[in-house]
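The following exercises concern a single protein structure. Please examine the sequence and the model before reading the solutions.

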Amino acid sequence: MIIQTGMRTDIPAFYSEWLMNRIQEGYVLVRNPYHPSHVTRYSLSPDVVDLMAFCTKNPAPMLPHLEKLKVYGQYWFVTITPYGRDIEPNVPDKDFVMESFKQLSDLVGVNSVGWRYDPVFIDEKHSVKWHIDQFEQMAANLSGYTKTCVISFIDIYKKVERNFPKAKAVAKKDRITIGKAFVEIAKEYGMVIRPCAEGDELAEYGADCSGCMTVNTFETALGERLVVPKRKTNQRNGECACLLGVDIGAYDTCGHLCRYCYANADTRQVKRNMKCHNPSSPFLLGASQPGDVIRQATQKSWIDRQIRFQW
C-alpha cells in the first residue's frame, strides 16, 4: 500500500522528527478530519507499506533521514515557485529549495522526484510573461534532476477565497498561453508537463494529461508492478485521475501559511495547533482523547509477486 504524507500538511518541512519517531515505533494514529473521535491505526512496517509519497515545499529537513527511509519506495513532489513572502510567508527562497531538490534527486533517483509549479495565478505583479520567464530559469536549473513538472492553475476554494480574497481564476486564453509555453520549455530541458486536475485542454500542445500521482508514477519509482485494490480516485473538479493514498497528516497544521492554501482554514488556528504538536505522540496533532474509537486498518503490500515467464 501507499502512505501519503502531504495532502493535508507539509510533514517533511515541519514534522520530520515526528515522522521518524513514528517509523521507529512502527505505527501512526490518524484522526478522521470530519469525525475526530474516529481514529485509524496504520502500521508503518515495510512489509505492508510499499511506498511513501511526499509533497513538500522544503525537503531539506528530511535529507539527513533518507538512509532510514530506504526500506520503503519513495516518491517526492516538491513544489517550487518564484512567489515572494507576500504570497508564501514562510517558504524558503526558491534557490535554496532547488538546491535541496537536486540533493534529493541524487539520493533517491530521478524517477522518484517531481517538480510542482503550482498554483499559477495572474495579477498585476505576476503576469503571464512573468510566469513564463520564471519557469524557464527554473527549468534550466532543475534540468537533469527530474523528468516531470506538474502544473495547475489556482482553484478558488472557500478557504482560498477567505485567505486570498484578491485571487481570481485564470482565464482560458491565459491558461493556454502559459501551458503551451511551459510544455515547450519543459521539453527543451528534458521534462514532461503534467497538468493537475486541469482536464485535457493542454493535451494537444504536448502535455501529459493522464494524471500526476498515478499508479504508473509509483510503479516507475518502485521498479515494480502494483496490484491496486479498486477504490475511489481523487475526483477534485472531476478532472483528477490520481491515486488516493492513505494520508497521515492533519489540516490546519502547515506553517508555510501560503495565501492560496486549501489545507489551512485560519492562520491563528494553525499557530495554535502547531504549539500542540508533540514529536513523541502517535498523533501528528495532540494526543488520545476520551471517547476516541481506534480501529486497526487492514493493510497489505500491493506489489505483484507473481512470477511471469517470457516466451
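The exercises below, each with a worked solution, refer to this predicted model.

**Exercise 1.** Determine how helix α4 is oriented with respect to helix α6, and which residues make the contact.

*Solution.* Step one is to locate the helices: α4 spans residues 128-142 and α6 spans residues 172-188. Their axes lie 10 Å apart and enclose an angle of about 15 degrees. Angles under 35 degrees count as roughly parallel, and α4 is therefore roughly parallel to α6. The handedness of the crossing of α4 and α6 is right-handed.

The next step is to list the contact. From α4 come Val128, His131, Ile132, Phe135, Glu136 and Ala139. From α6 come Asp174, Thr177, Ile178, Ala181, Phe182, Ile185, Ala186 and Glu188. Sorted by class, the residues in this contact of α4 with α6 are nine nonpolar, two polar and three charged.

**Exercise 2.** Describe the sheet that contains β2, β3 and β10, and identify its edge strands.

*Solution.* The three strands form an open sheet in the order β2-β3-β10, with mixed pairing. β2 (27-32) and β10 (293-296) each pair on one side only, and these are the edge strands. From one strand to the next, the twist averages 25 degrees.

The pairing of β2 with β3 (residues 35-43) can then be followed in detail. These two strands are antiparallel and are joined over six bridges. Asparagine 32 stands opposite histidine 35 of β3.

**Exercise 3.** State what kind of peptide bond links aspartate 118 to proline 119, and where proline 119 lies.

*Solution.* As background, most peptide bonds are trans. The bond from aspartate 118 to proline 119 is cis, with omega near 0 degrees. Proline 119 belongs to strand β6, residues 113-120.

**Exercise 4.** For alanine 197 and leucine 257, give the sign of phi. Then decide whether alanine 197 and leucine 257 are buried or exposed.

*Solution.* The background here is that most residues other than glycine have a negative phi. Alanine 197, although not a glycine, has a positive phi of about 55 degrees. Leucine 257 likewise has a positive phi, near 60 degrees.

Both positions are in loops. Alanine 197 is found between β8 (192-195) and α7 (215-222), whereas leucine 257 is found between β9 (246-247) and α8 (267-275).

For burial, the cut-off is a relative accessible area under 20%. The relative accessible area of alanine 197 is 8%, so alanine 197 is buried. Leucine 257 has a relative accessibility of 18% and therefore also counts as buried.

Terms used: Residues are numbered from 1 along each chain as its sequence is written. This is a predicted model: local features need pLDDT of at least 70, side-chain atom pairs count only at pLDDT 80 or more; totals for chains, interfaces and linings use all residues. Side-chain values use heavy atoms; hydrogens and water are left out. Axes are lines fitted to C-alpha atoms, for helices over the stretch in contact, and angles run from 0 to 180 degrees between N-to-C directions. Helices (H or I, at least four residues) and strands (E, at least two) are DSSP runs, numbered from the N terminus. Angles under 35 degrees count as roughly parallel, over 145 as roughly antiparallel, 65 to 115 as roughly perpendicular and the rest as oblique. A crossing is left-handed if the near helix is turned anticlockwise from the far one by less than a right angle, and right-handed if clockwise. Contact means heavy atoms within 4.5 Å. Ala, Val, Leu, Ile, Met, Phe, Trp, Tyr, Cys and Pro count as nonpolar, Asp, Glu, Lys and Arg as charged, and the others, Gly among them, as polar. Two strands pair if DSSP finds at least two bridges between them. Buried means under 20% relative accessible area, exposed over 50%, partly exposed in between (1.4 Å probe, protein chains only).
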